[in-house]
Amino acid sequence: MKRIFLFVLSALALGIPALASANVDALMQECNGCHGDNGVSQSSDVPTIAGLAEFVHVDALFIYQDEARPCAESEYRQGDTSRPATSMCAIAAELSEDDIDALAAAYAALPYVKAKQDFDADKAAAGKDLHDQHCDRCHSEEGTNPDDEAGMLGGQQMGYLRDTFAAYADGSREQPGKMQEKLEALSADDVEALVHYYGSVQ
Amino acid sequence: MTTPVRFASLLLAALALLFLVTQTAHSQDIDCGECHADVSFTSTAHPDLTCHECHTNVTAAHEDADLEPLSDEESCGECHASVGRGIGRSVHGGEAGCNDCHGEPHEIHEVADLASAVSPVNQIQSCGGCHDDPPELIDGYLAGEHGKALLLSGLIDAPSCSDCHGDHRIMAVEKGRAPTAHGNSPELCGSCHQLLFEDWKNMSAHGHAWQAEEEGPVCVDCHASHEIVDPTTYNARHAGARNCGGCHEEYLTTFRGSFHGQALHLGLSGGATCADCHTPHKNLAADDPASSVHPDNVLETCGQCHEDITPAFATFDVHSDPTNPEDNFQVYIVWLFMTSLLIGVFAFFGIHDVLWLQRSLVGVMRGEFDEERRAESGQWIRRFRRRNIRMHVVIITTFLLLALTGLPLKFHDAAWAQTLINLLGGIDSTRFIHRIAAIGTFGYLLVHVLEVLKRAFIRGEKGMFWGPNSMTPQPKDVADFFGNLKYFLYMGERPPGDRWTYFEKFDYLAVFWGVAMIGISGLFLWFPAFFTSFLPGWTLNVAHVIHSDEALLATGFIFFFHFFHTHLRPESFPMDLVVFLGKIPLERFKSERPLEYQRIVDSGELDDYLVEAPNKRQIRDAYRFGSIFLIIGVILGVFIVWALLTH
């Protein structure tokens, strides 16, 4: 059911360039200024957003609109880097619901490209055990299955993952109660092991 | 450490541990089943969950506590937090909770499990529990192809509610981004019907309009959204024409006026409808070289049903408007002529017969016809031979059969048309009867013509083509016509009649005209491929106009004017039986046809003409026979007027 639905959504996404105005393309150009061409990030602290579930995109953008998630200021990474620094909250505030839907569909349709990153093999091995034990149920297939409608972990930028773990830990970002229980049980070494594991998925 | 200190530490630790553990009603420590033995947990989606993981507000002390019901956020949201946010932003926000769709919490099955409340087969009940108004939503879906594919054919990949509407983020249909929004219908339907979507998108005018974001129909406009019927059934194809006609009004009108439209309306399941010629998903304007109705391609299109056709066949104008001279000038001229003839004949005889009717009524009341009606002498004189009587019966039978089977087609949207067709056994049976009766008509015409020729040229009978016994119109007829008018207007006596009066001659000669016109045009319609192998396609359009208009002329004339002239005049009331008996009372004959009577008397042949009076049985049979046919004719006459008034 989900697959069919996602396929429908992907088909819709494919149709968007034909249907929607050039607005989506213009918006995507904006987003890619930090998130990289085709939404594949080249910066360690900025996540790859291509290929994530449409639902996750929409959810994230709405949460940013509510400023219920940390939104650090950041310079543009590519394109016209002279543009002033901005944050996800500021960007989301400018988006209409239709923009959010359109962007989400567009990025969800793009392929998820795992980042090529350096990682520590031992830490990655320890991280794999932790993942399989505690995280795999919701972040299946090494955390790369968009059908889970949870964040993509495997192959995601490691710097961003570290920041996210920290945000969960200090409570500045909301998480499901079940996840909170599990994260609170992790040590700092466990978190680092997980980050290296996800970085090792290439 | 000393032993007592060690022991105290351990004891303290144990107590602390016990204290900690008893503060949480972890099911490993509290056996929920001890009190809640009746709760069965059969959820396949959450097989490893413990009670506390959902019932987050249960503590050890809950036996005495008044527990508030948990919100979805507090129970399901412990894991599925983002889903709750998504639902909140959808049309179900504040309206439906997790369990409204996913079922009882202790029985939540995995979505892929067919037993799940949100599995394709169960969604109808789950969603339909709230969305049962209008009934078309659920009942329509169940009766439609998607519902049948799912529930009758067992195809679990057939679309159910969530396939089109989404699951957690269902948006209102009016919202432009909703998958079910009008403009998104092609992609939504096309996600399964990929080949059709490709065809429609690239090869149809509607698809081009959609791609250009212009107004135009999409899938749901023709196929509906919930009650999607099989488009190949007769009912769907018939309704399809109305659907297309919603925008293409003038084409619907001309289609309805054509044979395809008429016959389809009456149940001819093989009759062509819009999609048959224009294709369902590749419809293009006729000037597009790729269009199925482009002049270069239309022969192949017609050839789907019509075998052995030539290019001229394909030049027949399916959407002909005979009243428009720009459409086809030849057809227009024919239509103009036929309509003028109709109006002229009906006006002429209408006035004539109304005047006659009032004069006859007055005459009856004055007793002018008493003597001939009394017929005191009891003598009868022969007027028609047996072969004439039989011929007339054949004419009546074939004519009424043609009228019964033909008028419903002409007036196919009249209230009585479908019922009459059904009484005749359906449209196919009706067509068959019509053609048999047509053959009968050609037959009697041929027999009669041969008989006339035999009498004139083989037997050398005199006076057949000129003279008082001839059907040829002569100066006396003109004089009698004006004489009759004067008589109707109380300005003179009734002109003395001879063997054939002018209106009887008209009745007779009109049959030649009628059979020729309607017969030849009928042959064109029966064998269109043959005739267009040497004639242009517009001759079929002309044939259609002639056949249809002449049918109205012939039936209208017979049922109103002929019936009046020969059977229902007040002086003949209730019915003139002469054509069934072949004889009339002598008094009547003397009164109506004094010139013929005098001629017979002068020639000394009166005795040859005098015959036995008919007996009671013969008169009764003649009345019965005549009445049946008169009544059928009158009913059809009423039907014609009814149809013309409600057109």
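Which residues in H13(B) meet Glu249(B), Tyr251(B), Leu252(B) and Phe255(B) in H14(B)? In this predicted model, the answer is Ala241(B), Cys244(B) and Gly245(B). The two helices sit one after the other in chain B, H13 covering residues 234-245 and H14 covering residues 249-257. Two packed helices are described by the angle between their axes and the distance between the axes. Here the axes come within 7 Å and cross at roughly 145°. Sorted by class, the contact of H13(B) with H14(B) has five nonpolar residues, one polar and one charged.

Stepping back to the whole of chain B, there are 32 helices and three strands. The radius of gyration is 42 Å, whereas the globule rule gives 26 Å for 647 residues, so chain B is more spread out than a compact globule. The C-alpha trace tells its own story, spanning about 170 × 60 × 40 Å along its principal axes. Of the 647 residues in chain B, 30% are buried. Among the contacts in this chain with a separation of 6 or more, 66% are between residues 24 or more positions apart.

Chain B splits into three pieces: domain 1 (76-170), domain 2 (205-314) and domain 3, which is written in two segments, 329-365 and 381-646. Between the C-alpha centres of domain 1 and domain 3 of chain B there are 70 Å.

Now for the insides. In soluble globular proteins, nonpolar side chains tend to be buried together. The largest nonpolar core in this model has 56 residues. Those with the most contacts inside this core are Leu266(B), Val331(B), Val334(B), Leu407(B), Val542(B), Val545(B) and Ile546(B). Helix H27 of chain B, residues 538-568, gives the most, with 15 residues. Domain 2 and domain 3 of chain B both give residues to this core, so the core lies between them. Val545(B) offers a view from the inside: beyond its neighbours within four places in sequence, Val545(B) is in contact with Pro322(B), Val331(B), Val334(B), Trp335(B) and Met338(B). Apart from this core lies another, of 32 residues, and Val56(A), Ala102(A), Leu153(A) and Val195(A) are among them.

Helix H27 of chain B is also home to His567(B). This histidine has 21 C-beta neighbours inside 10 Å, and the cut-off for being buried is 20 or more, so His567(B) counts as buried. Setting aside residues within four places in sequence, His567(B) is in contact with Ser572(B), Met575(B), Asp576(B) and Leu630(B). Asp287(B) is another matter: His567(B) and Asp287(B) are 280 residues apart in sequence, and their C-alpha atoms are 57 Å apart in space.

Met575(B), one of those partners of His567(B), is placed in the loop between H27 and helix H28 (578-581) of chain B. With 17 other C-beta atoms within 10 Å, Met575(B) is partly exposed. Not counting residues up to four places away in sequence, Met575(B) touches His567(B), Leu568(B), Tyr623(B), Gly626(B) and Leu630(B). Leu630(B) therefore turns up in the contact lists of both His567(B) and Met575(B). From Met575(B) to Gly425(B) is 150 residues in sequence and 32 Å in space, C-alpha to C-alpha.

Elsewhere in chain B, Leu150(B) is found in helix H7, residues 145-151. Leu150(B) has 21 C-beta neighbours inside 10 Å and counts as buried. Its contacts, again leaving out residues up to four places away in sequence, are Pro120(B), Val121(B), Leu155(B), Ala158(B) and Ser160(B). Pro120(B) is 30 residues from Leu150(B) along the chain, with 7.7 Å between the two C-alpha atoms.

Chain A, for its part, is divided into domain 1 (2-109) and domain 2 (121-200). Their contact takes 18 residues from domain 1 and 15 residues from domain 2. On the domain 1 side, the elements that give two or more residues are helix H1 (2-19) and helix H3 (54-65) of chain A. The largest share of that side, three residues, comes from H1(A). By class, the residues on the domain 1 side divide into nine nonpolar, five polar and four charged.

Methods. Residues numbered from 1 in each chain as written. Chains lettered and ligands numbered in written order. Predicted model: local features only at pLDDT ≥ 70, side-chain atom pairs only at ≥ 80, totals over all residues. Domains from an automatic or database assignment. Contact = placed C-beta atoms within 7 Å. Helix = DSSP H or I, 4+ residues; strand = E, 2+ residues; numbered from the N terminus. Nonpolar A, V, L, I, M, F, W, Y, C, P; charged D, E, K, R; others polar. Core = buried A, V, L, I, M, F, W, Y, C linked by C-beta atoms within 7 Å. Buried ≥ 20, exposed ≤ 12 C-beta atoms within 10 Å, placed from the backbone. Axes fitted to C-alpha atoms, helices over the stretch in contact; angles between N-to-C directions. Rg over C-alpha atoms; globule rule 2.2 N^0.38 Å.
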